[in-house]
Amino acid sequence: MANGGPVEHGYPHLETVRAAITALYKRLSYDTVQTFSASVAPADVAFCDTDDLHLGAQRVAREIVRHFRLPDARLIVGFREMTHAADVELAAGPEYFVELNDRFRTHRRDIGAALAHEVTHVYLHRLDLAFPTTAENEILTDTVATYLGAGWLLLDAYREDGVSSQKLGYLTPEEFGYVLAKRSLFFGEDPSVWFTSAQAYTAYTRGLDRARQDGRQPPLTAAGWAGRRRYAHDRRHVSGVPPTAPYAFTPDPAGRLRVSFPCPTCHQRIRVPVRGRVRARCALCRTVLECDT
């Protein structure tokens, strides 16, 4: 939890974020991801200063547990002094003990954001979905929370001005915006109307621009003139394709050239023949892609 200190910006965890989206689709399947088409509603997790602290925290926790379809999971929420925003004890269940930073006693509007992250930890624990390191797991948790409709709360908890700052979660504001935009483009949902933080809205719009760039990379037909020209050059000089290129050329067993590139929705790599106009369908997220290979 960044509290008054500098907030990291940009996209330093982008590759891990993309790997997390792919892992989520692989673990849940397209059909299960589709069941999360509605995000957590602002009214369901609203917390007023006049609400009882403990009863209100339990109510919000139940709403987020319900969103993740964990009917047999019961969160016991407490408060204590700590460095991080929150912590959850990942035992066998069905009861999970969540501790929130004492700061939330007086910043109750952000309790839903902290609980969204911790409930997602429980959800991933139940799924047995994890990345190798603790840092990567935290990125996975923020990504899954956001992609499945609860993490917009984490982005909305980001506030920064000339004298103070607050940010929850492990993604940068722009990375939260990027994942939220990925969700928005997939489900056709507009989360921008929910933000109470002007800085969160700005981070979302920047993330949306970055997410849209994923759908404009060659060999997709939506690629711009410069990208298509670079692709045509690389296709003629296969051995010189830089490792930073979003595509790679390889021969198939018969010696015919194929190109692989990440799906702009789930980032699973797709391989198609190099033969001009091709329509491809991602087997993982079922996105239909128009390509000019």
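Start by selecting helix α8, residues 198-214: its 17 residues reach 25 Å from the first C-alpha to the last, close to the 24 Å expected at 1.5 Å a residue. That expected span is 1.5 Å times one less than the number of residues. Helices here are DSSP runs of H or I with at least four residues, strands are runs of E with at least two, and both are numbered from the N terminus.

Before you go on, keep in mind that this is a predicted model, where local features need pLDDT of at least 70 and side-chain atom pairs count only at pLDDT 80 or more, while totals for chains, interfaces and linings use all residues. Residues are numbered from 1 along each chain as its sequence is written, and side-chain values use heavy atoms, with hydrogens and water left out.

Still on α8, colour A200, A203, Y204, G207, L208, A211 and D214, which are buried (under 20% relative accessible area with a 1.4 Å probe, protein chains only; exposed is over 50%, and partly exposed is in between). They cover an arc of only 145° around the axis, so they sit on the same side of α8; the arc is taken from the directions from the helix axis to the C-beta atoms. What do the buried residues of α8 pack against? Show α1 (14-28), α6 (152-156) and α7 (173-187) to see the partners. Contact means heavy atoms within 4.5 Å.

Now move to α7. Its 15 residues should span 21 Å at 1.5 Å a residue, and the end C-alpha atoms are indeed 21 Å apart. This helix is mostly covered, with 14 of its 15 residues buried. Right behind α7 comes G188, with a positive phi near 70°.

Next, click T143 in helix α5 (residues 134-147). T143 counts as buried because its relative accessible area is 1%. Leaving out residues up to four places away in sequence, T143 touches V17, A20, I21, L171 and V179.

Then pick α3, residues 53-67: the 15 residues should span 21 Å, and the end C-alpha atoms are 21 Å apart, in agreement. Its buried residues are L53, G56, A57, Q58, V60, A61, I64, V65 and H67, and they pack against β2 (74-80) and α4 (111-127). Zoom in on the N-terminal end of α3, where D52 acts as a cap: one of its side-chain oxygens lies 3.1 Å from the backbone nitrogen of H54. Just past α3, look for R69, which takes a positive phi of about 55°.

Over to strand β10, residues 277-281. Which side chains point to which face? V278 and A280 point to one face and are buried, whereas R277, R279 and R281 point to the other and are not. Add β11 (residues 288-292), which pairs with β10 in the antiparallel sense over five bridges; two strands pair if DSSP finds at least two bridges between them. The bridge partner of R277 in β11 is D292. Six residues lie between the strands of this hairpin, and in it R286 has a positive phi near 65°.

Last stop: the cysteines. Select C263 and C285; the sulfur of C263 has its closest cysteine sulfur in C285, 3.5 Å away, too far for a bond. C263 is buried, at 0% relative accessibility. Why is C282 not bonded to C266? The C266 sulfur is the closest cysteine sulfur to that of C282, but at 3.5 Å it is too far for a bond. C282 is buried too, with a relative accessible area of 2%. A disulfide needs a pair of cysteine sulfur atoms within 2.5 Å, and by this rule the count comes to zero.

How values were computed
Polar contact = N/O pair within 3.5 Å; in protein donor to acceptor, adjacent residues only side chain to side chain.
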